[in-house]
Amino acid sequence: MALGCQLELWAANDFVLLLFFGTSRRMFKLLSLFKKRRSPVFDYCSLHSEKPHSLLSLTIMATAKRRKITKNELQRNTSQFSNLNAPKKTFTVINNGHKSIRTQTLPRISPSAPSGFPGAPPMVPALPDVPPTKTLNEDHDVDFSEDTRTQRAKLLEEYADLFEPAAQLIMRKEADSRIGMQCSCNDALREVRCLECKQFAPLCRSCWVRAHRNQPLHWAHVWNSVQGYFQRHDISTVLGSDSYGIPLGHDGDVCPRASKPLHMTLVDNETGVHATKVAFCACSDSNKWRQLMDADLFPATVAEPQTAFTFGTLRHWQLMTLQSKITAYDYIRALRRKTDNVFTGNVPDVYKQFQFVSRIWPLLEAEKRFGGLHGGGMNEKYPRRPTNNLMVYCPACPEADVNMEHGWENTPQHLMHLHTIYDTIDGNSKTGNYEKNNDPNDVSLFAGRAYMPEQKRHEHYLRTVPQLQKEKATCNHLKVENSANRAKFKNMSVTGNVNVQCSHIFVCSSVDMKGGENHATVDLGVKLRVESCHFDKDKRPPRVFSYDNMCSLAVHIVKRWLLYHKDDADVVEKARWTIPACHVKNHHEGCDYLYCYMYKMCMGHFHGETAEYGWAVFNAIGPSVLQMSNGHRIDTLIMHYGDWNWRKVVGLARQLLKDLNDAKVNIGMELDGSFTVCRSKQ
């Protein structure tokens with residue numbers, strides 16, 4: 001048999017019993033085939049082993065819905081599984097380790113015998129202990145059918161015959177038969193090629209430099225006729241003269257009044273790190289910093305720049321760190337290895353310069369994308385948002401004068417959940433920061449304009465608001481929180497973050513924790529969330545907040561807000577408080593009835609557990625921000641928060657459509673079930 005298994009068929013009026021015998025590997029393979037084919041529908045499946053690591057018997061019972069299944073019909077359904085219906089009184093045995101094939105007669109089992117389910121044999125027949133016999137060649141293994149092979153396996157088999165030709169074609173790239181021929185200029189021989197340019201014919205040195213006036217960071221591979229191989233050169237050394245430098249100021253043409261070429265280090269994500277020369281233009285009053293910026297080169301210093309990074313490098317790094325959470329150190333290390341993977345130590349190390357530039361670039365990109373460089377355009381379009389903010393907002397959450405209809409406040413009470421703002425609160429200790437002798441002037445470049453408060457405001461808040469939660473712990477959950485080991489926070493200036501997110505999992509605000517997850521920190525996070533979208537006091541929509549420590553936070557929250565956040569105290573007076581559906585099970589019994597969303601009116605299906613979703617992504621940058629300066633750490637978190645929100649914006653329409661379709665299916669099932677119950681009671 002192809003699979004080394006035996007198929008036994010037992011048919012009754014409404015049930016069919018299938019018995020398979022073989023080794024564990026073949027049993028699981030067979031089971032995966034049946035699951036993949038989904039024919040017929042199996043209601044019962046079990047694995048029975050007479051000896052560990054020996055023979056297995058697989059029992060599957062299929063239910064026939066409202067009709068009989070004949071033996072011939074079932075055989076037709078199972079014939080697609082590699083012709084498994086073998087003779088009834090024989091089976092094939094294959095031992096693990098020693099493969100042997102042996103045929104033996106099994107006792108026939110009466111299908112009418114009593115069993116745990118109708119029409120089934122009383123038990124799976126015991127298999128004889130087969131001793132290891134002659135070992136077969138490993139190449140003579142089980143031959144699975146064509147249908148069981150994956151697309152990847154088929155593709156690998158197609159490519160197997162092309163491995164050698166592909167290697168030969170790659171090897172041919174190490175030489176070029178056109179080297180030594182006359183160049184198109186008829187002044188010299190072809191001896192320089194470029195591997196970055198696609199389908200680029202070798203040229204002479206002068207023609208190669210002219211052809212790369214707009215691609216000066218491509219490497220020139222010059223043929224060494226003495227040694228017999230290509231040597232890589234920067235464009236400044238191709239001509240063999242010290243007088244050539246990358247020209248600036250004339251769209252790649254040489255400036256007639258160019259200054260003497262200066263040594264610089266230029267970094268490009270495609271070609272690596274270049275120790276080259278640059279010739280600045282002297283025709284205009286533009287300084288060196290401006291000329292480099294005009295050439296899409298971001299200088300690391302202002303007065304006398306010696307290092308610059310291409311704009312493409314900064315965009316590539318930003319996307320890579322947002323997606324894969326790669327650090328600036330590893331990124332620069334990879335570029336240095338790309339430049340020279342043998343003598344990497346000889347490549348200039350630009351990590352410190354890149355660390356500085358990579359902080360500035362995200363801020364400038366945010367200013368451009370949020371309209372900060374177009375006057376007050378965004379402030380005029382969204383006057384209720386904080387001025388000059390750099391946050392990605394949730395387009396689905398209620399926002400006055402944006403996505404809320406006029407007169408929404410007249411909505412009936414049973415439909416008010418359509419205008420309710422649902423927020424989740426959660427703390428995390430993976431994004432902390434070690435206590436260091438940092439520069440006090442090294443603050444966040446975003447300056448409180450995105451997600452996290454300005455550092456001066458945060459410090460003033462910490463000095464004026466008591467940080468200890470004085471409520472007595474009456475819940476088992478709180479006792480566990482209060483008795484937590486604080487040794488892991490030793491030598492840490494920041495112990496984590498408290499994030500406030502909307503029900504669509506957009507980060508709305510974030511506050512650093514100083515020592516633990518106390519009420520004052522949570523209150524500030526909620527305050528920032530309320531400030532992010534202003535409503536008239538007489539037209540504030542209902543709010544719901546979910547927090548795993550809500551049974552302690554909500555006890556005196558109105559009193560605290562009347563004292564420290566008086567302007568928005570009416571928000572918490574009217575708000576409703578819940579505990580996430582899974583977290584509330586670990587609380588005191590009374591918390592379930594007081595704070596579970598299922599016991600509150602017009603809540604929809606707001607379970608509150610979405611607060612945990614973002615930490616799986618943000619925890620990946622925890623080891624990086626742990627060692628940063630506090631300002632750099634805040635800028636890094638803001639960059640990742642913004643990217644997280646942007647990815648939610650991109651996928652929000654698709655996700656909401658999926659939720660709507662799921663809701664239609666669920667309501668249909670509920671209505672159908674209700675109709676069935678009512679009909680049965682009549």
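Which residue stands opposite F309 in strand 14? Keep that in mind while the tour gets under way; the model on screen is a predicted one.

**The whole chain**

Start with the protein chain in cartoon view, where the secondary structure comes to 20 helices and 21 strands. Of its 682 residues, 44% count as buried. Among contacts in the chain with a separation of 6 or more, 64% are between residues 24 or more positions apart. Switch to a surface view: the chain exposes about 38,300 Å², and carbon and sulfur atoms supply 53% of that area.

**Strand 14 and its partners**

Select residues 307-310, which make up strand 14. F298 is the residue that stands opposite F309. It belongs to strand 13 (residues 297-299), which pairs with strand 14 in the antiparallel sense over three bridges. Now add residues 262-268, strand 11; this strand runs parallel to strand 14 and is joined to it by three bridges. Here V267 stands opposite F309.

Show the side chains of strand 14. T307 and F309 point one way, A308 and T310 the other way, and all are buried. In a regular strand the side chains alternate between the two faces of the sheet.

**A three-stranded open sheet**

Next, select strands 7, 8 and 9, which form an open sheet in the order 7-8-9 with antiparallel pairing. Strand 7 (192-193) and strand 9 (229-233) are at the edges; each has a single partner strand, so one side of each lacks a neighbour in the sheet. Strand 8 covers residues 220-224 and pairs with strand 7 over two bridges. To see the register, pick R193, which stands opposite H221 in strand 8.

**Two cysteines**

Go to C185 and C207. Why is there no bond between their sulfurs? The two sulfurs are 3.6 Å apart, which is too far for a bond, since a disulfide needs them within 2.5 Å. C207 holds the closest cysteine sulfur to that of C185, and a search of the whole structure finds zero disulfides. C185 itself is partly exposed, with a relative accessible area of 24%.

**A nonpolar patch**

Return to the surface and select L155, Y159, L162 and F163, which make a nonpolar patch of about 420 Å². Y159 is in helix 3 (residues 151-160) and counts as partly exposed at 45% relative accessibility.

**Salt bridges**

The count for the structure comes to 27 salt bridges. Side chains of opposite charge can pair when their charged atoms come close.

Select R359 and D635, whose side chains meet in a salt bridge at 2.8 Å, N to O. The pair links distant parts of the chain, with R359 in helix 9 (residues 351-369) and D635 in helix 20 (residues 630-681), 276 residues apart. R359 counts as buried at 14% relative accessibility, and D635 counts as buried at 5%.

Move to E399 and R385, which form a salt bridge at 2.7 Å, N to O. Both lie in the loop between helix 10 (377-381) and strand 15 (421-428), so the pair ties together parts 14 residues apart in sequence. E399 is buried at 4% relative accessibility, and R385 is buried at 16%.

Finish with D570 and R540, a salt bridge whose closest N and O atoms are 2.8 Å apart. D570 is in helix 16 (residues 569-574), while R540 is in the loop between helix 13 (519-531) and strand 20 (543-547). Both residues are buried. Add R457, K527, E531 and D568 to the selection: together with R540 and D570 they are linked in a network of salt bridges.

Note on methods
Residues are numbered from 1 along each chain as its sequence is written. This is a predicted model: local features need pLDDT of at least 70, side-chain atom pairs count only at pLDDT 80 or more; totals for chains, interfaces and linings use all residues. Side-chain values use heavy atoms; hydrogens and water are left out. Buried means under 20% relative accessible area, exposed over 50%, partly exposed in between (1.4 Å probe, protein chains only). Two strands pair if DSSP finds at least two bridges between them. Helices (H or I, at least four residues) and strands (E, at least two) are DSSP runs, numbered from the N terminus. Contact means heavy atoms within 4.5 Å. Accessible areas come from the Shrake-Rupley method with a 1.4 Å probe; for residues, only the protein chains shown count as cover. Patches are made of residues with over 30% relative accessible area and no salt bridge: like charges are joined within 9 Å, nonpolar side chains (Val, Leu, Ile, Met, Phe, Trp, Tyr) within 5 Å. A salt bridge is a side-chain nitrogen of Lys or Arg within 4 Å of a carboxyl oxygen of Asp or Glu.
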